[in-house]
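The following paragraphs walk through one protein model, from a single backbone position to its helices, its cores and its main pocket. Please keep the sequence and the structure at hand while reading.

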Amino acid sequence: MEPGPHREHVPPPAAQGCLACGLADGSVPLPGGTLERTAHWTVEHCVGPFGVGTLVVKPLRHVTGVHALSAGESAELGPLLTRVAAAARAAVDDCEQVYVCLWSHAGRVPGHLHFVVQPARAADLDRHGVHGPALQAAMAAEGAGPDAAAVAAVCARVRREMARRRP
């Protein structure tokens with residue numbers, strides 16, 4: 001099938017090697033499992049170094065930029081990000097603020113669009129002595145991923161918080 005003007009043809013995730021697609025379709029193990037799935041989006045715990053309780057909100061289909069979101073994807077995005085940020089704030093101890101930022105590059109190549117929802121914990125802010133993008137850079141440089149048991153525990157709390165906030 002040829003791609004149309006508003007539809008991107010995407011090879012199967014295994015063929016394209018997209019980690020985000022693999023985590024979403026189950027071909028790559030996902031610590032904590034899927035936290036919520038809507039018609040167009042999935043919510044997961046981040047597999048990167050941004051700390052326990054950092055979540056990822058990403059489209060189910062392989063999309064590399066906000067400009068390429070469908071009307072349905074766009075309509076769900078704002079309310080979902082609000083719910084996820086509120087759930088993260090409530091579920092993560094020591095949270096002073098919740099950062100929400102877009103990531104869509106991998107090796108300077110546009111990759112699967114995803115929003116990182118990161119609880120800015122006082123302990124992380126104090127340990128690194130920075131905040132905002134500098135905190136993310138410091139945590140990335142440190143490279144330490146969260147403990148699997150801690151991820152499972154926070155995911156259980158996030159699920160409860162997400163359910164409480166479901167419209």
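Asp94 counts as partly exposed in this predicted model, because its relative accessibility is 42%, and the partly exposed class runs between under 20% for buried and over 50% for exposed. Asp94 sits in the loop between helix 3 and strand 4. Its phi is positive, about 70°, although Asp94 is not a glycine. Most residues other than glycine have a negative phi.

A positive phi also follows helix 5, where Gly143 has a value near 75°. Within helix 5, which spans residues 133–142, the buried residues are Leu135, Gln136 and Met139. These three lie on the same side of helix 5 because they cover an arc of only 100° around the axis. Pro133 and Ala141, on the other side of helix 5, are exposed. The cover over the buried residues of helix 5 includes strand 4, strand 5 and helix 4, the last of these at residues 122–128.

Which residues have the most contacts inside the largest nonpolar core? They are Trp41, Val57, Val84, Val117 and Val158, in a core of 26 residues. Two or more residues of this core come from each of strand 2, strand 3, helix 3 (71–91), strand 4, strand 5 and helix 6 (148–164). Helix 3 gives the most, with eight residues. Another core, of ten residues, lies apart from this one, and Tyr99, Cys101, Leu135 and Met139 are among its members. Leu135 and Met139 are thus met again here, as they are also buried residues of helix 5.

Trp41 can be followed further through its contacts. Leaving aside neighbours within four places in sequence, Trp41 is in contact with a set of residues that includes Val57, Leu69, Leu77, Leu80, Leu113 and Phe115. Glu36, Lys58, Glu73 and Glu76 are also among the contacts of Trp41, as are Pro59 and Leu60.

The last feature is the largest pocket, which holds about 480 Å³ of space. It is lined by 24 residues, and those closest to its centre are Leu19, Ala20, His105, His112 and His114. Helix 2 (19–25), strand 2 (41–45), strand 3 (55–59), strand 4 (95–106) and strand 5 (109–121) each give two or more residues to the lining. By class, the lining has twelve nonpolar, ten polar and two charged residues. Strands 2, 3, 4 and 5 appear both in this lining and among the elements that give two or more residues to the largest nonpolar core.

How values were computed
Residues are numbered from 1 along each chain as its sequence is written. This is a predicted model: local features need pLDDT of at least 70, side-chain atom pairs count only at pLDDT 80 or more; totals for chains, interfaces and linings use all residues. Side-chain values use heavy atoms; hydrogens and water are left out. On a 1 Å grid over the protein atoms alone, a cavity is a set of points where a 1.4 Å probe fits but cannot get out, and a pocket is an open set with protein on both sides within 12 Å along at least five of seven lines; lining residues have an atom within 4 Å of a point. Grid points are joined across faces, edges and corners, and a volume is the space filled by probe spheres set on the points. Helices (H or I, at least four residues) and strands (E, at least two) are DSSP runs, numbered from the N terminus. Ala, Val, Leu, Ile, Met, Phe, Trp, Tyr, Cys and Pro count as nonpolar, Asp, Glu, Lys and Arg as charged, and the others, Gly among them, as polar. A nonpolar core is a set of buried Ala, Val, Leu, Ile, Met, Phe, Trp, Tyr and Cys residues joined through side-chain atoms within 4.5 Å. Buried means under 20% relative accessible area, exposed over 50%, partly exposed in between (1.4 Å probe, protein chains only). Contact means heavy atoms within 4.5 Å. The arc is that of the directions from the helix axis to the C-beta atoms.
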